[in-house]
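Thanks for coming. I will go through one structure today, starting with the ligands and then moving out to a helix and a few loops. Please have the sequence and the model open.

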Amino acid sequence: MITGITGQDGSYLAELLLDAGYRVVGMTRRTSTDVHERIRHLADRIEVCSGDLLDQSSMTAIVADIRPHEIYNLAAQSFVPASFSQPVLTGEFTALGVTRVLEAVRAVDPSIRFYQASSSEMFGKVQAVPQSEHTPFYPRSPYGVAKLYGHWITVNYRESYDLYAVSGILFNHESERRGKEFVTRKISDGVARIKLGLATELRLGNLDAQRDWGFAGDYVRAMWLMLQQPEPDDYVVSTGRTHHVRDFVRLAFESVGLDYERYVVVDPRFYRPAEVDLLIGDPAKAKRVLNWEPAVSFEALVERMVAADLDRLRP
Ligand code: NAP
Ligand code: GDD
């Protein structure tokens with residue numbers, strides 16, 4: 001069972017589990033319009049059920065009905081700026097939502113294996129470089145604070161009720177399926193539009209922030225591996241390399257033969273009340289225990305995202 005199956009990671013994870021022979025059930029929330037774009041190609045291979053992280057009774061009923069062996073809790077309000085404008089809702093979804101799923105597991109079948117989508121945003125104002133499973137947390141946004149709650153409630157339920165519950169501390173991972181408001185996709189989409197004559201500029205915020213960016217398809221493999229271990233544990237998943245936003249911008253424009261300095265406008269509207277300046281993860285434990293390594297490099301990631309947006313937008 002995957003909560004958040006309509007999101008970037010949900011769609012890649014569903015593909016991976018189907019390939020491994022799983023029955024896959026995705027939970028989606030009711031909307032008046034169709035938002036299943038990322039899973040349309042899987043429509044005849046997955047089952048979809050309606051529920052909401054805000055609603056305990058729907059969560060418990062779905063888990064009781066499906067009786068999954070594994071639950072991947074990917075659903076969340078995941079956009080950091082929205083967490084500043086909607087902090088209470090972000091807490092309800094991204095923090096308390098985790099407890100609701102865990103309560104459903106506890107009530108229905110404590111042997112269900114549970115994965116929580118935790119985040120490098122929890123490191124925030126980083127207390128060590130690189131960040132590992134032992135680095136203290138210092139979140140810098142309501143989203144980061146909510147994810148920290150989700151992380152600790154997962155650890156707490158594991159220790160209190162002996163659940164197989166794990167927290168994957170994943171660093172930024174991207175793809176051509178990334179939401180267009182996140183910086184990498186905003187850049188690849190903007191570059192494609194400029195190249196095709198559909199736009200003349202790209203307005204961005206802080207170009208000096210540094211992120212450890214990987215490919216989402218690689219990262220869902222780590223989620224699955226975490227639920228296949230003899231003992232539940234928490235893992236940092238990252239590439240171990242960091243780049244400035246400016247590097248992503250420069251490479252993306254270079255991939256279509258353009259100079260970013262002619263098109264990028266820095267717009268303070270996209271600055272955040274508090275910024276996370278530098279993220280770089282230490283993936284040593286994931287490599288040692290899970291035998292996990294990313295396959296797609298930063299450079300290849302930039303190229304494939306721009307190429308995909310060019311293909312999508314080309315008349
Ligand atoms: P995403 O594309 O924003 O997808 C979020 C998913 O959550 C969507 O399917 C969304 O459904 C669903 N959702 C939101 N609120 C819900 C609610 N109240 N009830 C049920 N479903 C709800 O996020 P993503 O990039 O795939 O990330 C997956 C998870 O990993 C998230 O928890 C995110 O915070 C975490 N994470 C992501 C990264 C990253 O770099 N991508 C890194 C670390 C952690 P709708 O389609 O209906 O909106
Ligand atoms: N979104 C956005 N838009 N970010 C910008 C822009 C812009 O125009 N200009 C500069 N940035 C900078 C942000 O200030 C931030 O430092 C960096 O680009 C990355 O921003 P996002 O792509 O929005 O991602 P994020 O790092 O805040 O959060 C993502 O990664 C987390 C893991 O570390 C999200 O996927 C979270 O859900 C995830 O947990």
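Which element gives the largest share of the shell around ligand 1? Strand E5 does, with three residues. Before going further, please keep in mind that this is a predicted model.

Let me stay with ligand 1. It is surrounded by 24 residues, and the closest are Thr6, Asp9, Arg29, Ser78 and Tyr143. Sorted by class, that shell is made up of ten nonpolar, nine polar and five charged residues.

Now some distances for ligand 1. A polar backbone atom of glycine 7 is 3.0 Å from an oxygen atom of the ligand. For aspartate 9, a backbone N or O atom is 2.8 Å from an oxygen atom of ligand 1. Alanine 76 also has a backbone N or O atom to look at, this one 3.2 Å from an oxygen atom of ligand 1. How much of ligand 1 does the protein bury? On its own the ligand exposes 910 Å², and the protein buries 90% of that. As for secondary structure, helix H1 (8-19), E5 and H5 are the elements that give two or more residues to this shell.

Next, ligand 2. There are 23 residues around it, and the nearest are Ser119, Ser120, Tyr143, Arg272 and Glu275. You have heard Tyr143 already, since it is also listed among the closest residues to ligand 1. The classes around ligand 2 are ten nonpolar, six polar and seven charged residues.

Which atoms of the protein come up here? Serine 78 has a backbone N or O atom 2.6 Å from an oxygen atom of ligand 2. Ser78 was also named among the residues closest to ligand 1. From lysine 186, an N or O atom in the side chain is 2.7 Å from an oxygen atom of ligand 2. From glutamate 275, a side-chain N or O atom is 2.6 Å from an oxygen atom of the ligand. Alone, ligand 2 has 720 Å² of accessible area, and the protein covers 95% of it.

Now to helix H5, residues 142-161. How far does H5 reach from its first C-alpha to its last? The helix has 20 residues and reaches 28 Å, close to the 28 Å expected at 1.5 Å a residue. Its buried residues include Tyr143, which we have met, along with His151, Val155 and Arg158. Among the elements that cover the buried residues of H5 are helix H3 (80-85), helix H4 (87-108), strand E5 (113-119) and strand E6 (165-170). Just past the end of H5, aspartate 162 has a positive phi of about 60 degrees.

One residue that touches H5 deserves its own minute, and that is aspartate 234. It sits in the loop between helix H7 (216-226) and strand E11 (235-237). Is aspartate 234 buried or exposed? It counts as buried, because its relative accessibility is 10% and the cut-off for buried is under 20%. Its side chain makes a polar contact of 2.8 Å with the side chain of arginine 158. Apart from neighbours within four places in sequence, aspartate 234 is in contact with Glu133, His151, Val155, Arg158, Val166, Ser167 and Lys285.

Let me finish with some loops. The loop between E5 and H5 holds proline 130, and the peptide bond leading to it from valine 129 is cis, with omega near -5 degrees. Serine 132 is in the loop between E5 and H5 too. With a relative accessibility of 14%, serine 132 counts as buried. Leaving out residues up to four places away in sequence, serine 132 touches Phe123, Val236 and Asp282.

Two other loop residues have a positive phi. Arginine 67, in the loop between helix H2 (56-66) and strand E4 (70-73), has a phi of about 50 degrees although it is not a glycine. Arginine 67 is partly exposed, at 44% relative accessible area. Asparagine 291 lies between helix H9 (284-290) and helix H10 (298-313), and its phi is near 60 degrees. Why does asparagine 291 count as exposed? Because its relative accessibility is 64%, and exposed means over 50%.

That is the tour, and I will stop there.

Notes: Residues numbered from 1 in each chain as written. Chains lettered and ligands numbered in written order. Predicted model: local features only at pLDDT ≥ 70, side-chain atom pairs only at ≥ 80, totals over all residues. Heavy atoms only, no water. Helix = DSSP H or I, 4+ residues; strand = E, 2+ residues; numbered from the N terminus. Expected span 1.5 Å × (residues − 1). Buried < 20%, exposed > 50% of the residue type's maximum accessible area, 1.4 Å probe, protein only. Contact = heavy atoms within 4.5 Å. Near = heavy atom within 4 Å. Polar contact = N/O pair within 3.5 Å; in protein donor to acceptor, adjacent residues only side chain to side chain. Areas by Shrake-Rupley, 256 points an atom, 1.4 Å probe, with all protein chains shown as cover. Nonpolar A, V, L, I, M, F, W, Y, C, P; charged D, E, K, R; others polar.
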